[in-house]
Amino acid sequence: MVDAIFPVGGQRGESVAVELIGKVSEEGLQFWASDPGITFGDGKLTLSEDCSLGAHWLRFYNVEGSALPQLFMVGTSQAAFEVEPNNTIAEANKVALMGVVESDEYQIILESSMLDGRLEKSGDVDFYAVNLKEGVTLTAEAYAYRLDSPIDPLIRLVDVEGEVLAWNHDRFDSLDPRLEYVVKSSGTYFLMIAGFAYPPQARSRFHGSADTVYRLFVHHPDFLDHRMDLPQVETRPGVTEGVISEIGEEDDHLMAFSKKSVYEITVNGSPRNSPFDAWLEIWDGKGKLLAKNDDAIGFNALLEWRPPADGTYVVRVRDLLRRGGDDYRYELTVREAPPRYEVSVSDHAWTAIVGETFELPVTVKRKHGHARPITVTLEGLPLSIDAQALTIPGNASEGLIWLNASAVSMKVIRLSATDQLTTSSVYYSFKGATTDEGALLRNRLEEILLIATEK
Ligand SMILES: [Ca+2]
Ligand SMILES: [Ca+2]
Ligand SMILES: [Ca+2]
């Protein structure tokens, strides 16, 4: 079983050598990725030029089954790797700058770095040295819990004397930390990342293991964080196209909303593989932030929102990292949330026995008054598996799909559901989707592994 991979991300258009972590048997090892632009061979993942950006699922499996799929981040640049030893300030890895974007007009220099590292053994801590200018705001954010790494991580910022200047254990919405610090004087500073075992263990020592992987983002934008004074545009519900053409730009769409309705507001990069990483906010007329979202689905943002009162609100759209350019195009869609249904399965992999009837249970969640019958079908089944479509009555919330396998097989398949008005994928929901610890980078898997074995 592949329990983790390292590194946890790569650059679009490039190949990256990956280490498969866990008890991995090369024999009969199969690979599947949620984006067709990701392929695996000779120990390398190859990411095509048109691979979409964001977090994707990878699955390594064989006839024995599969561990949970792994999250893998595809970006427009390559991360640097940590180099051990880096357990003290004196040994700290130097953070090299990458992705510097300058704009004379707006005096913005986006300095950012990305580091792939691992807390490889119990007690491991990793130090990174970063040169900072007085007055800039340093942001350091780790992705580990959200990548399903078995830690609850923390970040500390220390000066050359080892004095702790700032620390963060958890973001507001996740066990992953996000630290911000306004630099008081120019110089070299040190970021330390470490973590406690998650799920928690009685020992309070810093956790480490081969599969404790992380990606650390360090930003220290040297820019005037002013809002560009752009006119606000009156918009109606429906689809509005826009472009964030300048670095730092925010688009404000003024819209009238009724408190009687629940609205569905989405921002999608356009086209699909656009670099635009959507950030969506809703503000009231008094300058109060009411709701926000990023990355609900890949780089796209989605909010389901009920206004507190009738009136005009500001729907603000920008790029997450405040980037901009001619290709930062988006589609903003606002509509009343329609009656909706979701169909899910309770596991990411299922094993049937050849010659025996197998029951695959599905569960329906209905929202906004949905009461139509739903038909569930299986797509991509091997010829040796026979399955019947299932129709779930409008008043029911579960059903069983009956399968019969006549030969050994293993295949990643999809289940599709329709109420004759809309069609959607049946999904498996990962841990964190509904807990206080926060969600993973992606919480849904729409492809399940179906294995048929001899008894
Ligand atoms: Ca390390
Ligand atoms: Ca270390
Ligand atoms: Ca934490």
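The protein chain averages a pLDDT of 89, and 91% of its residues score at least 70. The model is a predicted one, and confidence is not even along the chain. Over residues 102-109 the pLDDT stays under 50, although the model has 16 contacts beyond four places in sequence for this stretch. The pLDDT likewise stays under 50 over residues 224-228, for which there are 5 contacts beyond four places in sequence. Where pLDDT is low, the predicted coordinates should not be read in detail.

In overall form, the C-alpha atoms of the protein chain fill a box of roughly 70 × 55 × 45 Å along the principal axes. A compact globule of 455 residues would have a radius of gyration near 23 Å, so the 24 Å of the protein chain agrees with that form. Of the 455 residues, 37% are buried. Among contacts with a separation of 6 or more, 68% are made by residues 24 or more positions apart.

The secondary structure comes to 42 strands and 0 helices. Strands of a sheet pair through backbone hydrogen bonds, either parallel or antiparallel. Two regions of the chain serve to illustrate the pairing.

The first is an open sheet of 6 strands, in which the order is S35-S37-S33-S31-S40-S41 and the pairing is mixed. Strand S35 (385-387) and strand S41 (444-445) stand at its edges; each has a single partner strand, and therefore one side of each is left without a neighbour in the sheet. Further in, strand S31 (residues 340-345) and strand S40 (residues 427-429) run parallel and are joined by 2 bridges. Ser-344 has Tyr-427 of S40 as its bridge partner.

The second region centres on strand S24 (residues 251-257). The side chains of S24 alternate: Asp-251, His-253, Met-255 and Phe-257 point to one face and are buried, whereas Asp-252, Leu-254 and Ala-256 point to the other face and are not buried. Which strands does S24 pair with, and in which direction does each run? With strand S22 (residues 233-234) the arrangement is parallel, and 2 bridges join it to S24. Here Glu-234 has Leu-254 of S24 as its bridge partner, and Leu-254 is one of the residues on the face that is not buried. With strand S29 (residues 311-319) the arrangement is antiparallel, and 7 bridges join it to S24. In this pair, Asp-251 has Val-317 of S29 as its bridge partner, and the side chain of Asp-251 points to the buried face of S24.

Note on methods. Residues are numbered from 1 along each chain as its sequence is written. Chains are lettered from A and ligands numbered from 1 in the order in which they are written. This is a predicted model: local features need pLDDT of at least 70, side-chain atom pairs count only at pLDDT 80 or more; totals for chains, interfaces and linings use all residues. Helices (H or I, at least four residues) and strands (E, at least two) are DSSP runs, numbered from the N terminus. The radius of gyration is taken over C-alpha atoms; the globule rule is 2.2 Å times the number of residues to the power 0.38. A residue is buried if 20 or more other C-beta atoms lie within 10 Å of its own, exposed if 12 or fewer, and partly exposed in between; C-beta atoms are placed from the backbone. Two residues are in contact if their C-beta atoms, placed from the backbone, lie within 7 Å. Two strands pair if DSSP finds at least two bridges between them. pLDDT is the predictor's confidence in each residue, from 0 to 100.
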